[in-house]
Amino acid sequence: MEETGFTHFDGQGNAWMVDVGHKEDTLREAVARGSIFMSPECFAMVRQGSMKKGDVLAVARVAGIMGAKKTWELIPLCHVLNLTKLSITFELCEERCQVLARCTARTAGKTGVEMEALTGVTVALLTIYDMCKAVDKRMEMGEICLEKKSGGKSGQFFRDMPAPEEEEKESESTGKRAGRNDL
């Protein structure tokens, strides 16, 4: 079958699952991040652990890990992977009323774990929204991206991330709002 530039389509444009059987196993790791912005009231409840549904971040951590494990069931052409590590971490940024989530996925195998990391962080953020929506329906999720990956034929990837001071300068110069503090 003739391949196009996209690995999940053959020469005739038909979707197919890429054959990775010939590839060597390598250690592969990916880290994805994303954020959810909320009202100051909601942020305080998340930080204090006082949401009626329980410990928002603990539940979101487990949900993110579970979601990452099911990536192959959600994304049609993803391979089933033997994941060796999944972790979800959170940073609370009070000045922006932001919860920054990161998912790290690792395997020793023939294909990467970028989709697992992206799925994990997204499910964690969706869970935060679900647990907090009674307090703040205006929450916004975003900034979801691959931060870095290693292993495999394409090697290492690092997203260029501006320092927080540079982000503030950009926000001031463009008039772009830095967070959801105005709710």
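Here are legends for three close-ups of this predicted model.

**View 1. Lys149, a buried lysine without a salt bridge.** Lys149 sits in strand E4, which covers residues 140–150. Which side chain of opposite charge is nearest to this lysine? That's Glu114, at 4.1 Å. A salt bridge has to fall within 4 Å, so this pair doesn't make the cut. What the Lys149 side chain does have is backbone oxygen: a polar atom of the side chain lies 2.7 Å from the backbone oxygen of Gly151. The backbone oxygen of Gly155 is also 2.7 Å from a polar atom of that side chain. Leaving aside neighbours within four places in sequence, the contacts of Lys149 are Glu29, Ala30, Glu114, Ser154, Gly155, Gln156 and Phe157.

**View 2. Helix H1 and what covers it.** H1 runs over residues 40–48, and its buried residues are Cys42, Phe43, Ala44, Met45 and Val46. What covers these buried residues? Two helices to look for are H2 (56–69) and H4 (114–132), and the cover also includes strands E2 (83–93) and E3 (98–109). Just past the end of H1, check out Gly49, which takes a positive phi of about 75 degrees.

**View 3. The second largest pocket.** About 640 Å³ of space lies in this pocket. Its lining is made of 27 residues, and those closest to the centre are Thr7, His8, Lys23, Thr111 and Gly112. Which element gives the largest share of the lining? Helix H4 does, with three residues. H4 has already turned up in View 2, as part of what covers the buried residues of H1.

Notes
Residues are numbered from 1 along each chain as its sequence is written. This is a predicted model: local features need pLDDT of at least 70, side-chain atom pairs count only at pLDDT 80 or more; totals for chains, interfaces and linings use all residues. Side-chain values use heavy atoms; hydrogens and water are left out. Helices (H or I, at least four residues) and strands (E, at least two) are DSSP runs, numbered from the N terminus. Buried means under 20% relative accessible area, exposed over 50%, partly exposed in between (1.4 Å probe, protein chains only). Lys and Arg count as positive and Asp and Glu as negative; His and the chain ends are not counted. A polar contact is a pair of N or O atoms within 3.5 Å; within protein, one must be able to donate a hydrogen and the other to accept it, and residues adjacent in sequence count only if both atoms are side-chain atoms. Contact means heavy atoms within 4.5 Å. On a 1 Å grid over the protein atoms alone, a cavity is a set of points where a 1.4 Å probe fits but cannot get out, and a pocket is an open set with protein on both sides within 12 Å along at least five of seven lines; lining residues have an atom within 4 Å of a point. Grid points are joined across faces, edges and corners, and a volume is the space filled by probe spheres set on the points.
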